[in-house]
Amino acid sequence: MLNAARGGQPEAWQRIVQLYGPLVYGWARKGGLAPVDAADVTQETFTAVATQLTRFDEHRRGATFRGWLRAIVRNKVVDLLRARGTEVARGDRKSTRLNSS
């Protein structure tokens with residue numbers, strides 16, 4: 001599926017969004033976002049995935065698509081909170097509530 005998405009196949013992208021969209025949205029909500037903000041972060045996450053998918057190396061030891069995706073969501077949540085002037089716990093990307101879920 002990832003290789004098909006890398007190749008630009010629309011069906012593969014639809015499947016990725018269908019499978020991972022609810023998960024991404026849930027992670028954003030667990031990160032403290034309101035529903036509308038979580039929806040925005042979900043869209044921004046898949047935009048980032050579309051532009052960066054060729055950089056994801058599933059053959060690297062310990063690498064998983066889900067883990068990579070979760071890191072993108074965490075970064076997008078933190079970026080949104082910082083843009084709004086919301087203090088992020090301990091001031092780093094790794095401290096959002098996304099890590100504990």
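Here, buried means under 20% relative accessible area, and contact means heavy atoms within 4.5 Å. Keep both in mind for the views below, which come from a predicted model.

**Figure 1. The whole chain is built from helices, with four of them and zero strands.** Reading from the N terminus, the elements follow the order α-α-α-α. The protein chain has 101 residues, and 37% of them are buried. Its accessible surface is about 6200 Å², with 49% of that belonging to carbon and sulfur atoms. If you look at contacts with a separation of 6 or more, 53% of them join residues 24 or more positions apart.

**Figure 2. Helix α3 tucks a set of its residues under cover from other helices, including α2 and α4.** The helix has 18 residues, and the distance from its first C-alpha to its last is 25 Å, close to the 26 Å expected at 1.5 Å a residue. The buried residues of α3 are Asp37, Ala38, Val41, Thr42, Thr45, Phe46, Ala48 and Val49. As you follow that list along the helix, it helps to recall that an α-helix has 3.6 residues a turn, so residues three or four places apart point the same way.

**Figure 3. A closer look at Thr42, a residue of helix α3.** Thr42 has a relative accessible area of 13%, and because that is under 20%, it counts as buried. A polar atom of the Thr42 side chain lies 2.8 Å from the backbone oxygen of Ala38. Setting aside residues up to four places away in sequence, Thr42 touches Gly21, Val24 and Tyr25.

**Figure 4. The largest nonpolar core brings together 25 residues.** Ile16, Leu53 and Phe65 have the most contacts inside this core. Each of α1 (2–6), α2, α3 and α4 supplies at least two residues of the core. For background, nonpolar side chains tend to be buried together in soluble globular proteins. To explore the core from one of its residues, start at Ile16: not counting residues up to four places away in sequence, Ile16 touches Met1, Leu2, Ala5, Gly21, Phe46 and Phe65.

**Figure 5. Tyr20 and Phe65 form one of the four aromatic pairs in the structure.** Their ring centres are 5.0 Å apart and their planes meet at 70 degrees, so the pair is edge-to-face. Tyr20 sits in helix α2 (residues 10–30) and Phe65 in helix α4, so the pair ties together parts that are 45 residues apart in sequence. Both Tyr20 and Phe65 are buried. If you widen the view, you will find ring pairs linking Tyr20, Phe56, Phe65 and Trp68 into a cluster.

**Figure 6. Phe56 is a loop residue, placed between α3 (35–52) and α4 (65–83).** Is Phe56 buried or exposed? Its relative accessibility is 6%, so Phe56 counts as buried. Apart from neighbours within four places in sequence, Phe56 is in contact with Leu2, Arg6, Ala63, Thr64, Phe65 and Trp68. Phe56 and Trp68 are twelve residues apart along the chain, and their C-alpha atoms are separated by 7.7 Å. Phe56 also belongs to the ring cluster of the previous view, along with Tyr20, Phe65 and Trp68.

Methods: Residues numbered from 1 in each chain as written. Predicted model: local features only at pLDDT ≥ 70, side-chain atom pairs only at ≥ 80, totals over all residues. Heavy atoms only, no water. Helix = DSSP H or I, 4+ residues; strand = E, 2+ residues; numbered from the N terminus. Buried < 20%, exposed > 50% of the residue type's maximum accessible area, 1.4 Å probe, protein only. Areas by Shrake-Rupley, 256 points an atom, 1.4 Å probe, with all protein chains shown as cover. Phe/Tyr/Trp six-rings, centres within 6.5 Å; stacked < 30°, edge-to-face > 60°. Polar contact = N/O pair within 3.5 Å; in protein donor to acceptor, adjacent residues only side chain to side chain. Expected span 1.5 Å × (residues − 1). Core = buried A, V, L, I, M, F, W, Y, C linked by side-chain atoms within 4.5 Å.
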